[in-house]
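Biologist: Please take a close look at the largest nonpolar core and the elements that supply it. After that, place it in the context of the rest of the chain.

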Amino acid sequence: MPANKDSAAAESAGGLSGDSSPSPVGRLAATVERLRREVQAAQAEADGRALIELAKGILVERLGCGPAQAARQLAELTEQGKVPLLELAVDVINQAARDRLSEVTDTFLSATAEADADSSAPAVRLREAESGVLAADDTQAVADSLLQHALAPLGAVAVAIWAAGADGSLSLAGSAGFSAAEAGRWRYVPPGVATVARRALTSRTTQWTASVSQEGLPTIGHTHYPDGGRVAAPASAGGRIHGVLEIAWPSPLHPQPPQVVRQVDALAELCAHTLEAQPLLVDSQSFHGPRVSAGVAELVDLVDGLHDPSVVLVPHLDENGRLSDFRIRHVNQRFLDPAGRPSGVINGALLLEAYPMAAGESELFQHIERVYATGEPFRAERMDLTALVDQVPLATVADISLSRHGDSVLLIWRIEDETARLASLLQHAQRLGRIGGFEENLLTGEITWNGTLFSLYGRPTSSAPVPLEELAAHAHPDDAVAIGRFLRTVLHHRRPATAAFRLQRPDGVTRHIRMVAEPVLDADDRLFVVRGACQDISAQHWTEVALAATRDQLAHSEQQAHERNRLTLQLQHAIMPPAQAPLKAPGLQVAVRYRPAETEQLVGGDWYDAVVLPSGLVLLSVGDVAGHGIEAATSMVVLRNALRGLAVTGAGPAQLLSWLNIVAHHLTGAVTATAVCGLYDPVRRTLRWARAGHLPPVLVRGTEAGPLSLLKGILLGAVPEASYEEAEIQLAVEDTLLMYTDGLVERRDRSVEESLTQLLTSVRTTPTTLDHQLDRLLTYSRSDTDDDTCIVGIRVA
């Protein structure tokens, strides 16, 4: 049969080349397939041979015979029972082991013996998986063995084995069925990140997820199997979770029978023993999640140096190896037992024996179990431990801190006196809030003040308190009416009341006070005591005054800014209206565009100009004054009009920019600006131009576009005197020349060169009209600086 398959593969490969005989590629593919099957068969034979040899060893021990006799005994039983040798060996192993896998196998047999003639196949697969796990050199090989022998027959396509860190993190110890890139992305999951495996770790129970997409939890391989089912089982041993076994199915997972559920739990237990025996296979330090492996002796030394009461707990296992309790290994000198017992009685005792109610309402024991199992620390402030000690009902409140260190749990237990704590909190609250309390007995005249109230009144604690009826004498005269109304409400109408007034102290300081008082009646409904409090609200009062002044100032500043921006826009629109009339020049089409900044506060100093001079030449210019606001706009007006006036002299572009530089430096408050100036001769169809720190014009000729040569020229206003380089270019019919400011191309995320390249690409496609081309440039501009933009375009007709 393998030979036929090889021939078929070779014929298929040869058919691709159009030849009836196998091609070299086909023969190579057939050889690879044959070798792969031989390797798989060898691996399966090795796993089966290990189980058969183990069964022989069991018979040698049980029957007291030699290996040869045990082999003959197995052969005779196989012939008599008409069952394969491997299945018989697995049955012998299960009868002798009576372990977790044996229990799972019994469940399979009882559920499928009547309906499935091959009911022993699951038992063989489980034992083969166990054999592969035990023979594996690392956790990666463990994952391969589990998927191949036990999980692939159940329809699973991938397996991930997660190692749990001491800080609650998860590290991918081994995987099978996932690509190397996917495994690399999921090598480490920090504490607190919600995943499918994390849910199993925190809940400490196996989680069956019908579909990853429905649950919405991220996990390894969710991009490849978005609708697939998942099972995540905690890998625990001795009450401690060493990691999580996660299994992936390619499609939604339906409810599974009990025997499959028990099989998954048994495989997770195999992973736990592997992770426990090979703790160094996961280099968690490279994932910023180091394992804590401190010994008990080192932890005891650490606890003795802590200033907080601390307890070191170690797990206590029952005869079946299950966690049943924790033993108190050590308590430091600062630890105080709620029942007052000495530390010698507590040391060495079991936790539930020393504190039998720890598993009750406080759930302290459950929290310790969770920390030991998952490694995730636990913190709780003011945990109620009322019934912690049996037959000693203590109203105890404590701050609890739990963390796992290796195989130990550190418990920091700080018990506080609730009454003293509340009194201290009240005292601090009164001091911070500057609140003073008082009580006045109207029958005896006795008045009681606390220390804060004496401080508010500016009086020594040895002086006599001020009665309520004399309150107006210590307040500002303008507040006498409010105080009188307050006293009538409390003393006459016998109702609670509040009042705000200005207290004038003996040291001349005036404080703003809010007083609250309530009457207390006796059994005969007579008023005999008034209790109340005074609070210093001076800081609040002056804050409100300052805030009101700030609001007024802010409103005034906003109004000024609005007026300033409105004036700037009006000035700018007056010089350069958004709708510019077309310029009439012989043999030349001229179009201009101006786009102001979208934000009014960014109104700048960009300008353009296109005008026919008395000489018949056409002046073309664009410029950009540094800065924004009305200063930039007024400077723009000065430079634009100055250039117009200077151009009438008949000077060339270089000379015009030299004169304009003097204007910018000496006559406008030393502003700086960039500009391009050009003079077009309609008769000769030539353009003479110069630049002052500005981007050069762009020439579009046919389907080609490129910037003009970068002439030398410093920006305007930088130095008192400057000279500029000038050039002349011959234009042809249908040539288009564009002058623009940097608002058209400037971006924050890329250089000017990259933006200019994008502009050249945009202008190569020439629209039907020049106006259409300029509108298109403004519409599709990728600039993101929200700056002004000016464009001057000419097309030779």
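Modeller: The answer begins with the whole chain, goes through the core, and then turns to other parts.

This is a predicted model, with residues numbered from 1 along each chain as its sequence is written. Local features need pLDDT of at least 70 and side-chain atom pairs 80 or more, while totals for chains, interfaces and linings use all residues; side-chain values use heavy atoms, without hydrogens or water.

The protein has 23 helices and 27 strands (DSSP runs numbered from the N terminus: H or I of at least four residues for helices, E of at least two for strands). Of its 797 residues, 44% are buried (under 20% relative accessible area with a 1.4 Å probe, protein chains only; exposed is over 50%, partly exposed in between). Among contacts (heavy atoms within 4.5 Å) with a separation of 6 or more, 60% join residues 24 or more positions apart.

The largest nonpolar core (buried Ala, Val, Leu, Ile, Met, Phe, Trp, Tyr and Cys residues joined through side-chain atoms within 4.5 Å) contains 29 residues. The members that touch the most others are L619, V625, L639, L657, L660, L716 and Y724. At least two residues of this core come from each of six elements: strands β19, β20, β21 and β22 (686-692), and helices α20 (630-647) and α21 (653-667). Helix α20 gives the largest share, with seven residues.

L657 shows what surrounds one of these members. Outside its neighbours within four places in sequence, L657 contacts A675, C677, A690, R691, A692, L716 and Y724. Two residues in that list, L716 and Y724, are themselves among the members that touch the most others.

Strand β20 spans residues 618-628, and its pairing can be followed on both sides. Strand β19 (residues 604-612) and β20 are antiparallel partners over nine bridges (strands pair if DSSP finds at least two bridges between them). One of the bridges puts D609 together with S621 in β20. Five residues separate β19 and β20, which together form a hairpin. In the turn of that hairpin, G616 has a positive phi of about 90 degrees.

With strand β21 (residues 673-681), β20 forms eight bridges, again in the antiparallel sense. Here V625 stands opposite A673 in β21; V625 is also one of the core members that touch the most others. Strand β20 is largely enclosed by the rest of the structure because eight of its 11 residues are buried.

Elsewhere in the chain there is an open sheet of five strands with antiparallel pairing, in the order β13-β12-β16-β15-β14. Its edges are β13 (447-449) and β14 (497-504); each has a single partner strand, so one side of each lacks a neighbour in the sheet. From one strand to the next the twist averages 20 degrees (axes are lines fitted to C-alpha atoms, for helices over the stretch in contact, and angles between N-to-C directions run from 0 to 180 degrees).

Within this sheet, strand β15 (residues 510-521) and strand β16 (residues 527-536) are joined by nine antiparallel bridges. M515 has C534 of β16 opposite it. Helix α18 (residues 480-492) lies across β14, β15 and β16. The direction of α18 is at about 140 degrees to that of β14.

Two single residues in other strands complete the picture. T209 belongs to strand β4 (residues 207-209). T209 counts as buried because its relative accessibility is 1%. Beyond its neighbours within four places in sequence, T209 touches V196, R199, E215, G229, R230 and L253.

G706 is placed in strand β24 (residues 704-707). Leaving aside neighbours within four places in sequence, G706 has P697, V698, L699 and L760 as contacts. The C-alpha atom of G706 is 9.2 Å from that of R764, although 58 residues separate them along the chain.

To return to the part requested: the core has 29 residues, with α20 as its largest contributor, and β20 is bridged to β19 as well as to β21.
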